[in-house]
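Trainee: Please take me closely through one part of this model, the salt bridges. Start with enough of the fold that I can place them.

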Amino acid sequence: VQLQASGGGLVQPGGSLRLSCAASGTIFSINNMAWYRQPPGKRRDLVASITSDGSPNYADSVKGRFTISRDNAKNTVYLQMNSLKPEDTAVYYCNADLRVASWRASNDYWGQGTLVTVSS
């Protein structure tokens with residue numbers, strides 16, 4: 001199983017970016033999907049998560065600015081980021097809690113990370 005994240009880049013304050021993360025390989029089912037971020041020199045923290053039926057949850061710092069969504073047919077999770085601030089600068093990682101077979105317990109899988117830089 002692989003999670004491939006994309007969509008990061010350099011954006012000015014107040015701008016927008018959309019991150020995507022597609023899971024591929026032998027997948028039986030995906031439970032929660034999520035985005036985390038790790039600013040330079042800091043720990044990795046949860047940004048947003050979404051359940052298999054589409055219920056989202058957000059960190060207080062991004063509420064009202066970021067929107068998480070998913071396409072279950074494509075095994076893909078998205079993060080729409082609006083009104084970006086310099087403090088949003090970080091490496092963003094996608095995460096999926098998934099099962100590779102009906103008889104296997106679920107495990108966490110991580111994408112490789114994509115850098116988002118918010119700067120003028």
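Mentor: The protein has 0 helices and 11 strands; both are DSSP runs numbered from the N terminus, helices being H or I over at least four residues and strands E over at least two. Along the sequence the pattern is β-β-β-β-β-β-β-β-β-β-β. This is a predicted model, in which local features need pLDDT of at least 70 and side-chain atom pairs count only at pLDDT 80 or more, while totals for chains, interfaces and linings use all residues. Residues are numbered from 1 along each chain as its sequence is written, and side-chain values use heavy atoms, with hydrogens and water left out.

First, the overall frame. The C-alpha atoms fill a box of roughly 50 × 25 × 25 Å along the principal axes. The radius of gyration is 14 Å, which agrees with the value near 14 Å for a compact globule of 120 residues; the radius is taken over C-alpha atoms, and the globule rule is 2.2 Å times the number of residues to the power 0.38. Of the 120 residues, 39% count as buried, meaning under 20% relative accessible area, with exposed being over 50% and partly exposed in between (1.4 Å probe, protein chains only).

Next, one sheet. It is open, with 4 strands in the order 1-3-8-7 and antiparallel pairing; strands count as paired if DSSP finds at least two bridges between them. Strand 1 (2-6) and strand 7 (66-71) are the edges, and each has a single partner strand, so one side of each lacks a neighbour in the sheet. Neighbouring strands are turned by 15° against each other on average, direction ignored; the axes are lines fitted to C-alpha atoms, for helices over the stretch in contact, and angles run from 0 to 180 degrees between N-to-C directions. Strands 1 and 3 are joined by 5 bridges, with S6 opposite S20 of strand 3. Strand 3 (17-24) in turn pairs with strand 8 (76-81) over 6 bridges; among them, L17 has M81 as its partner and R18 has Q80.

Now the salt bridges. The rule is a side-chain nitrogen of Lys or Arg within 4 Å of a carboxyl oxygen of Asp or Glu, and the count is 4. One of them joins R37 and D88, at 2.9 Å from N to O. R37 is in strand 4 (29-38) and D88 in the loop between strand 8 and strand 9 (90-99), so this pair ties together parts 51 residues apart in sequence. R37 is buried, at 11% relative accessible area, and D88 is also buried, at 0%.

D88 has another partner, R65, with the closest N and O atoms 2.8 Å apart. This pair, too, links distant parts of the chain: R65 lies in the loop between strand 6 (56-58) and strand 7, D88 in the loop between strand 8 and strand 9, and 23 residues separate them. R65 counts as buried at 10% relative accessibility. R37, R65 and D88 are thus linked in a network of salt bridges.

D60 and K63 also form a salt bridge, with their closest N and O atoms 3.2 Å apart. D60 counts as exposed, at 64% relative accessibility, whereas D88 counts as buried.
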